[in-house]
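Here is a short tour for anyone about to load this model into a viewer. Have the strands, the ring contacts and the pocket ready to display.

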Amino acid sequence: MKLVIDAGIVFTALTGFGITKKVLFLKDLKLYSPKQLLEELNEHKPRILKLSSLSSDEIEELLKLIKERISFVPEKSFESFLEQANSLIPDKEDTSYLALALSKNIPVWSNDEHFKKQSLAEIFNTKELVEKLRLLNIDLE
């Protein structure tokens, strides 16, 4: 299953212990994100360190693993969809995720409710994605 993953999901995986981290590392998923996510991760590293119970070295190792899991796409590849994405959701920081999803015709994995206000791309929050994966008989353990 292919998905665009947003920054909030990655931050949750970095700072939490729940199902989000398990799902992120499922081999059955092919994850994409705009390259801007790399900048966001670097920018918020101090906050991630503070919110997680991990050491700086552990955060760096987890970031390395996450960066290997996600295919980062340059904006040039989906820029023709940015205007449309801007018109569909109010949060301008998230339009690149929607534009990428529209360009690849794949769903977005995000817990941000504003993504649900549009109908051109399928949106899964973590709970919905877990339910979908279980329906597909994908082992979450």
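This is a predicted model. Let's begin with the strands: β1 (residues 2–5) and β2 (residues 30–34) run parallel, joined by 3 bridges. From there we can move on to the rings and then to the pocket.

**Strand pairing**
- Within the pairing of β1 and β2, L3 stands opposite L31 in β2.
- Strand β1 also pairs with β4 (residues 108–109), again in parallel, through 2 bridges.
- In that second pairing, the residue facing W109 in β4 is I5.

**Charges and rings**
- The ring of Y32 has the charged end of K104 sitting over it, 4.5 Å from the ring centre.
- The charged end of K30 sits over the ring of Y32 too, at 5.4 Å from its centre.
- Both values fall within the 6 Å limit that applies to a charge over a ring.
- As for pairs between aromatic rings, the count is 0 when ring centres must lie within 6.5 Å.

**The largest pocket**
- How much space lies in the largest pocket? There is about 240 Å³ of it.
- The lining of this pocket is made up of 14 residues, and A7, F11, E40, E93 and D94 are the ones nearest its centre.
- Helices α1 (7–15) and α3 (36–43) each contribute at least two residues to the lining.
- The largest share comes from α3, which supplies 4 residues.
- By class, the lining residues of the largest pocket comprise 8 charged, 3 polar and 3 nonpolar.

Conventions. Residues numbered from 1 in each chain as written. Predicted model: local features only at pLDDT ≥ 70, side-chain atom pairs only at ≥ 80, totals over all residues. Heavy atoms only, no water. Phe/Tyr/Trp six-rings, centres within 6.5 Å; stacked < 30°, edge-to-face > 60°. Lys NZ or Arg CZ within 6 Å of the ring centre and 35° of its normal. Pairing = 2+ DSSP bridges. 1 Å grid on protein atoms, 1.4 Å probe; cavity = no way out; pocket = protein on both sides within 12 Å on 5 of 7 lines; lining within 4 Å. Points joined across faces, edges and corners; volume = space filled by probe spheres on them. Nonpolar A, V, L, I, M, F, W, Y, C, P; charged D, E, K, R; others polar.
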